[in-house]
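Take a walk through this structure with the sequence at hand. Begin with the fold inside one chain, then turn to the place where two chains touch.

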Amino acid sequence: MYRTYQLVLTLGLAALLPGALPAQDISAEQVLDRVENAITASSAEIHLRMELTNAAGSRRERSLVAYAKDSGDRGKSYIRFTAPADIEGTSFLSLEQPGGGEEMYLFMPVLGNVRKIAGSQKSGSFVGTDFTYKDLTMLGGGSYGEDYQASILEQDSGRYVLRLEPINKDITYQYAKMWVPSSNWFPTKVEFYDKDGQLEKVLTNTDLEKIDGNWTAREMTMHNVQKGTRTVLQMEEIHYNTPISDQIFTTRNMRRQG
Amino acid sequence: MHFIRDFVHRFPKSILIATLLITGFLGYHAFDITINTDLRHMFPDDDPAVQTFDRISEKYGGAEFMVLVLGTPDGLTVSALHTIDSLTTRLGEITGVSKVRSITNIEEIHGEDLTVEVGPLVPDLPETAEQAADIRQKISHKPRYLGTMVSNDFRYANILIQMKPEADQKQVYQAVENIRSRVEANGEETYFTGSPVLTEEIAARMKGDIIRLLPFVSLVVMLILFWAFRSVRGVLLPLIIVFISLIGTIGFSGWIGQSLSIISTGLPILLVSVGSAYAIHLLARFYEDQLHGIGREEAVSESILNVGIAIVIAGITTVAGFSSLGLSSLSIIKDFGLLTAFGILVALLVSITFLPASLLTLRPPKRFVSAERRRGLDWVFDRISTIVHRYPWYVVGTVLLCIALSLWVIPKIQPETNYITFFPRESNVRRAHDLVNAEFGGASSLEIIIDTGEENGIEDPAFLQKVDSLQQAVAGIPMLSHPMSVVDLLEEENRALHGDDSAFDRLPDAGIAQYLLLLESGSENILSDFVDFDHRELRIRVMNGSTKSRDTKGILDRVHQLVNASFGSSGEQVTVTGVPVLGEKLMDLILTSQIRSLISAVVFAFLITSVLLKSIRRGAFCSIPIAVTVLLNFGIMGWSAIPLDVATSMIASIAVGIGIDYSIHFYTRYREELRNHSDIEQALNRAIHTVGRANSFNAIAVTAGFLVLLFSTFPPLRMFGLLSSVTMLLSFLGAMILLPSLIVVFNRIRSTHVDTNLSS
């Protein structure tokens with residue numbers, strides 16, 4: 001019900017390193033810009049494991065591979081399940097449209113056919129995880145400036161704490177809090193507060209590592225504190241800026257690979 | 001008893017002050033008392049039925065519903081949809097509510113050409129009549145919503161309020177009720193029901209009626225006491241005893257944090273009868289002795305020594321009788337029994353200390369009307385004496401006949417745990433209930449949980465086919481309808497994925513895991529209501545129109561048969577739970593607990609009177625009249641088709657507790673008289689004329705008091721009042737006619753026996 005709409009944030013899979021700038025007096029917008037600028041690699045290929053845990057502690061595991069590409073101002077992403085066997089080949093494709101918005105497609109091997117997914121799907125849970133479609137389909141980069149207005153809550157020599165207020169009315173959060181170290185502008189933690197102002201989800205990025213020259217979180221955890229559920233993404237293999245053919249991001253490819 | 005007498009004589013003022021102080025302290029805590037009406041509260045904490053219910057509720061987000069129906073006489077218009085939506089939002093904000101489902105927030109899987117969408121059925125509220133018509137059109141093609149969220153003719157919209165398992169039922173009820181009454185004040189037509197609503201309404205009505213009627217009960221009792229004693233203290237002292245024990249008991253519960261259950265609200269009425277009995281007997285003896293020229297101090301001593309012992313025996317027996325309810329496996333009956341036992345103990349202690357202490361402190365009375373000659377009463381006692389002496393065999397014979405008639409119908413008594421029968425037909429609650437039964441198939445659900453025993457076990461298409469057949473079979477049982485499970489979701493999804501082609505409105509043949517992936521997606525995980533996290537078990541929800549307990553049992557039996565036929569031989573484990581299952585369990589518990597507590601109450605009474613009167617024969621004399629009363633009580637219930645429910649099941653135990661007082665008072669007086677007049681018949685005659693007075697004052701006061709309950713607006717309370725009155729009269733007659741007749745018959749048999757022995 002509550003959406004993490006447009007908060008890719010952290011899936012800053014392509015964090016360009018803007019260099020360790022001194023934490024001087026910069027505005028909240030500038031901080032947000034730097035975070036945004038940190039996620040502008042032109043392409044990424046990520047093999048990841050997804051672990052879902054429910055309140056009772058039971059676990060389910062899925063593996064998937066995600067491709068993202070930024071061609072001009074149109075982001076494209078393709079996510080395909082590789083395990084377990086009974087869902088292998090199921091895939092999602094998301095294409096940003098020139099006029100804003102995007103199109104989403106689903107391929108189910110059992111159907112042997114591609115279906116377009118209508119809008120309201122994207123802001124909901126992605127296949128029962130604590131992440132949303134948006135979170136995962138915007139692998140190529142996202143823009144907070146369009147959806148959020150930032151203000152600085154705290155700052156010291158090494159980091160900023162931002163308060164993000166949604167300006168997009170589709171976002172049902174009241175606000176989010178983001179921790180950004182000024183050393184790499186890669187957010188380490190984001191808290192999402194629901195419409196009653198209660199903490200709903202916490203995202204933590206750990207195992208930061210420089211891959212192909214980009215700071216990357218090897219492990220990302222989204223914890224829904226209200227439901228007690230948790231989804232952990234573990235990046236097993238990451239390639240940045242390798243050439244990915246546009247043919248990958250087509251419905252024909254979905255069918256072929258499924 | 002000598003100790004008590006000396007104690008009372010030495011410290012009368014201290015006793016008065018101490019009693020008032022303790023009462024004051026407990027009275028302060030009486031305000032802390034709460035009433036708990038939760039169905040689960042009636043069961044023991046570790047009851048497996050409740051544990052299963054809680055586990056399933058916890059897993060799937062609550063299996064107890066309140067149902068709010070909005071009348072939409074013009075169909076689903078723009079304004080009706082807006083009202084439903086605003087209600088849905090406001091109800092969802094209530095603490096303790098886990099989910100609210102209505103036509104405006106329900107999720108659907110929709111397909112058109114090559115597009116599929118999982119999302120709200122009504123994504124945007126309509127602004128124009130055309131948009132509203134579109135929504136109606138859409139709903140009419142979805143069998144999942146017709147008859148569940150919206151009535152078939154669109155004239156009623158259903159809002160299901162699912163409660164969290166740990167929710168404070170009363171609070172949620174109040175919050176919903178507030179919202180409902182505001183909407184109704186705006187001219188909307190609303191209906192509010194569901195099992196938590198029923199129990200709350202019952203508690204409110206019970207409490208309201210008791211608070212309203214208690215002054216009248218007191219007034220009636222006071223009038224009769226005035227007729228009996230013609231003195232202020234004769235009226236006030238018994239009532240003071242009653243109120244001290246009442247305040248003491250409720251205050252004590254509040255102090256130790258024990259909440260009152262729905263039936264404990266009958267406690268005041270009980271204490272009025274028992275508490276006043278002790279005072280009446282003591283006062284009557286006090287006046288009787290003074291009339292015979294004994295001084296005030298000595299009269300108090302004599303009363304304590306002679307009547308006090310009877311009061312103590314009666315009190316202990318009654319306390320034991322109610323404590324025996326503590327053996328009940330039903331928490332409500334157990335709590336009620338122990339609480340009442342405590343109340344009676346207080347009444348007993350106050351009666352033999354506070355009461356004589358007051359008599360010593362007050363000025364000596366000038367008149368002794370209660371003990372003086374009274375034509376009416378004495379005429380009745382003369383007749384009783386005559387009957388007892390001339391026709392004891394007829395008395396015994398008549399009673400045996402009545403017992404036979406009672407035994408004949410007792411097996412036909414119907415247990416009833418469906419609270420809806422407590423409400424008059426024209427009441428709002430009943431109308432709401434009938435409407436929801438007619439339009440939506442009921443306000444409670446039966447939950448069938450099928451555990452496949454292995455992860456992803458439910459993804460097997462063959463298994464799902466079996467579930468589908470089971471659902472269809474279950475829906476064929478009367479009063480069960482609208483089964484809903486992951487099967488229905490998969491069918492809907494299959495159709496949506498095939499461009500809304502109705503040919504695909506069936507279970508997919510393969511690839512269930514892929515279908516489920518899509519169902520798990522979206523702003524609301526609709527799958528989580530019906531499938532567990534591991535995809536190991538699934539839940540079938542079936543709406544259940546509430547019925548009489550007897551029918552529920554039949555329905556559940558058929559469900560179990562069907563379940564066993566489908567899954568009995570395979571590895572799956574099936575659990576059936578839900579409010580109807582708890583109701584049925586409650587019925588079983590009422591029956592077993594009733595039988596057990598009655599037997600033990602009678603046995604207790606017999607044992608205690610035998611020990612205290614130092615003879616098994618005497619114990620038998622005292623307990624036979626109440627055993628008969630209990631049997632006749634059930635006979636009356638059987639012949640007049642009064643169902644055995646949580647309230648009426650109490651009466652027999654009350655009869656044991658209170659009824660034995662009459663017998664013990666009569667018997668101890670008879671023994672006292674026997675010491676002075678060795679002739680049995682003369683001793684009986686004396687006892688009838690002396691203790692008969694106190695007994696009849698008491699019986700008349702209590703019966704009249706109970707009859708006031710006939711003015712209750714609440715049928716079960718009326719039934720309770722009527723049955724209790726009749727039971728009181730029966731125990732009185734049992735003590736005054738049957739008991740002496742038995743003594744006469746026994747002695748005649750024995751003397752014949754002795755004569756025969758002598759002559760041989």
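What follows treats a sheet first and an interface second.

This is a predicted model: local features need pLDDT of at least 70, side-chain atom pairs count only at pLDDT 80 or more, and totals for chains, interfaces and linings use all residues. Residues are numbered from 1 along each chain as its sequence is written, while chains are lettered from A and ligands numbered from 1 in the order in which they are written.

Start in chain B. Four strands (DSSP runs of E, at least two residues, numbered from the N terminus) make an open sheet there, in the order 10-11-9-12. The pairing (at least two DSSP bridges between two strands) is antiparallel. Strand 10 (480-484) and strand 12 (573-578) of chain B are at the edges with a single partner strand each, so one side of each has no neighbour in the sheet. From one strand to the next, the twist averages 20°; angles run from 0 to 180 degrees between N-to-C directions, with axes fitted to C-alpha atoms.

Look at strand 10 of chain B. Three bridges tie it to strand 11 (residues 537-544) of chain B. Here L480(B) stands opposite N544(B).

Now move to the two chains. In contact (C-beta atoms, placed from the backbone, within 7 Å) are 24 residues of chain A and 24 residues of chain B. On the chain A side, strand 6 (113-117) gives the most, with three residues. Two bridges join strand 6 of chain A to strand 5 (residues 115-120) of chain B, and these strands run parallel. I117(A) stands opposite V116(B).

Methods
Two residues are in contact if their C-beta atoms, placed from the backbone, lie within 7 Å.
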